[in-house]
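I opened the notebook to go through one model and write down what I looked up. The entries follow in the order I made them.

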Amino acid sequence: MYEAEAQSVAEYRKRLAELRSCLNVDGVKREIEGVEKVMSQHGFWDDMESAQKVVKNLKALKAVVGAPDELHREIEDAAVLIEMAAEEEDATLEGEIAGHMDSIRKKLDRLELNSLFMDPRDTHPAIVNFHPGAGGTESCDWAEMLYRMFTRFCELREFDVEVLDYQPGEEAGLKSASLRVSGPYAYGTLKSEEGVHRLVRISPYDAAARRHTSFSAIEVMAEVDDSIAIEIKEDEVKLDVFRSSGAGGQKVNKTSSAVRLTHLPTGIVVSCQIERSQHRNRETAMNMLRAKLYDIEVKRQESELNALREGQQDVAWGSQIRSYVLHPYQMIKDHRTGAETGNVVRVLDGELDLFVESYLKWNLERRSRAARSASGQE
């Protein structure tokens with residue numbers, strides 16, 4: 001008995017060993033030892049800012065090795081349980097063993113997915129903006145649907161979501177919204193959603209019940225930390241203050257605490273109105289502006305490299321990445337990866353794992369192909 005379970009354990013051990021090698025777990029452990037020695041030295045905490053950066057780096061390193069070590073213990077515990085149950089021919093442990101194996105499989109799948117995060121920015125928090133396209137109420141409503149889908153996905157992943165700005169539509173939906181999302185591999189996970197999303201449905205706002213096509217865009221940027229220098233001159237930023245919008249009554253902000261920043265050289269506009277303090281809103285808006293400028297520069301460099309390597313531009317902001325067809329049939333398809341599903345209700349309720357995982361694998365293969373092309377291997 002339990003031969004199949006024992007074979008699964010052997011397979012999980014092999015997969016985990018390959019992952020540990022890919023993640024360089026042993027090398028990271030040696031790096032952790034070196035950081036801990038530095039932290040134990042006298043005077044380490046004298047420079048609090050520098051010390052906090054070291055602590056942050058140590059936490060990130062421990063996160064790399066923590067999951068593989070925990071999974072290794074779980075696999076070995078399952079192996080012992082299976083061996084004991086097989087020797088005693090105890091069928092009563094079948095349910096418990098099945099639960100262990102299912103948990104291990106899911107954690108191993110997630111760990112393999114995390115190994116696809118190759119960009120150093122993938123561990124950063126993400127700043128996410130929602131923009132309706134042309135089409136008035138239809139597009140505003142579609143942007144609101146995407147906003148809900150996105151926040152539901154973050155909730156399922158247990159990411160922390162902070163609303164930075166939210167402008168409701170005149171009749172329905174939203175005119176614009178900005179979120180800050182933090183959690184393990186927040187930017188790496190969410191960057192798959194950047195681009196233009198297309199919706200085809202029977203419009204609930206059309207009395208003739210005709211089919212409409214709507215477009216809305218999601219913009220995903222990695223938050224910039226202190227290790228990246230982004231220079232923004234004060235005379236290049238125009239500051240406007242205004243009263244925050246609200247639902248009326250006591251919710252209306254009575255002071256001009258909302259902030260809008262315009263970066264004059266690029267024309268980039270960011271705004272924040274979620275805090276009661278104008279100073280806090282301005283600080284948050286500046287962080288959003290720094291992230292946007294950094295994101296533009298990174299994408300410019302990537303586009304130039306891809307143009308040289310592949311003779312064409314990379315998928316960039318403004319391109320249609322996914323179609324959501326609700327009529328005359330139901331289908332959601334990602335035009336980059338080819339991933340598709342007919343279960344539109346679950347996807348719109350936040351179950352985006354299929355598209356996130358497909359994007360990460362597609363992106364890794366795309367980068368690998370470009371690297372081989374650049375080295376003359378293809």
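**Backbone oddities**

I started with P328, which sits in the loop between β9 (320-325) and β10 (331-334). This is a predicted model, and I kept that in mind for every entry below. I checked the peptide bond from H327 to P328 and found it cis, with omega near 10 degrees.

Next I looked for positive phi values outside glycine. Y185 has phi near 55 degrees and is a residue other than glycine. I placed Y185 in the loop between β3 (174-182) and α6 (186-190). Is Y185 buried or exposed? Y185 counts as partly exposed because its relative accessibility is 24%, and buried would require under 20%.

A209 was another entry of this kind, with a positive phi near 55 degrees. I found A209 in the loop between β4 (195-202) and β5 (211-222). A209 has a relative accessible area of 47%, so I logged it as partly exposed; exposed would require over 50%.

**Helices α2 and α3**

I then turned to a helix pair. The axes of α2 (residues 25-39) and α3 come within 10 Å of each other, and they cross at roughly 145 degrees. I noted the handedness of the α2 and α3 crossing as left-handed.

Which residues meet across this pair? On the α2 side I listed V25, V28, K29, E31, I32, V35, E36 and M39. On the α3 side I listed V54, V55, N57, L58, L61, K62, V64, V65, P68 and D69.

V55 got its own entry. I located V55 in helix α3, which spans residues 48-88. V55 is among the α3 residues that meet α2, and V55 also helps make a nonpolar surface patch with W45 and M48. I wrote down about 280 Å² for that patch. The relative accessible area of V55 is 30%, so I recorded V55 as partly exposed.

**Whole chain**

I closed with totals for the chain. I counted nine helices and 11 strands. How much of the chain is buried? Buried residues make up 41% of the 378 residues.

For the surface, I noted that the chain exposes about 20,800 Å². Carbon and sulfur atoms supply 49% of that exposed area.

My last lookup was contact range. I took contacts between residues at least 6 apart in sequence, and 64% of these join residues at least 24 apart.

Definitions and conventions:
Residues are numbered from 1 along each chain as its sequence is written. This is a predicted model: local features need pLDDT of at least 70, side-chain atom pairs count only at pLDDT 80 or more; totals for chains, interfaces and linings use all residues. Side-chain values use heavy atoms; hydrogens and water are left out. Patches are made of residues with over 30% relative accessible area and no salt bridge: like charges are joined within 9 Å, nonpolar side chains (Val, Leu, Ile, Met, Phe, Trp, Tyr) within 5 Å. Accessible areas come from the Shrake-Rupley method with a 1.4 Å probe; for residues, only the protein chains shown count as cover. A salt bridge is a side-chain nitrogen of Lys or Arg within 4 Å of a carboxyl oxygen of Asp or Glu. Helices (H or I, at least four residues) and strands (E, at least two) are DSSP runs, numbered from the N terminus. Buried means under 20% relative accessible area, exposed over 50%, partly exposed in between (1.4 Å probe, protein chains only). Axes are lines fitted to C-alpha atoms, for helices over the stretch in contact, and angles run from 0 to 180 degrees between N-to-C directions. A crossing is left-handed if the near helix is turned anticlockwise from the far one by less than a right angle, and right-handed if clockwise. Contact means heavy atoms within 4.5 Å.
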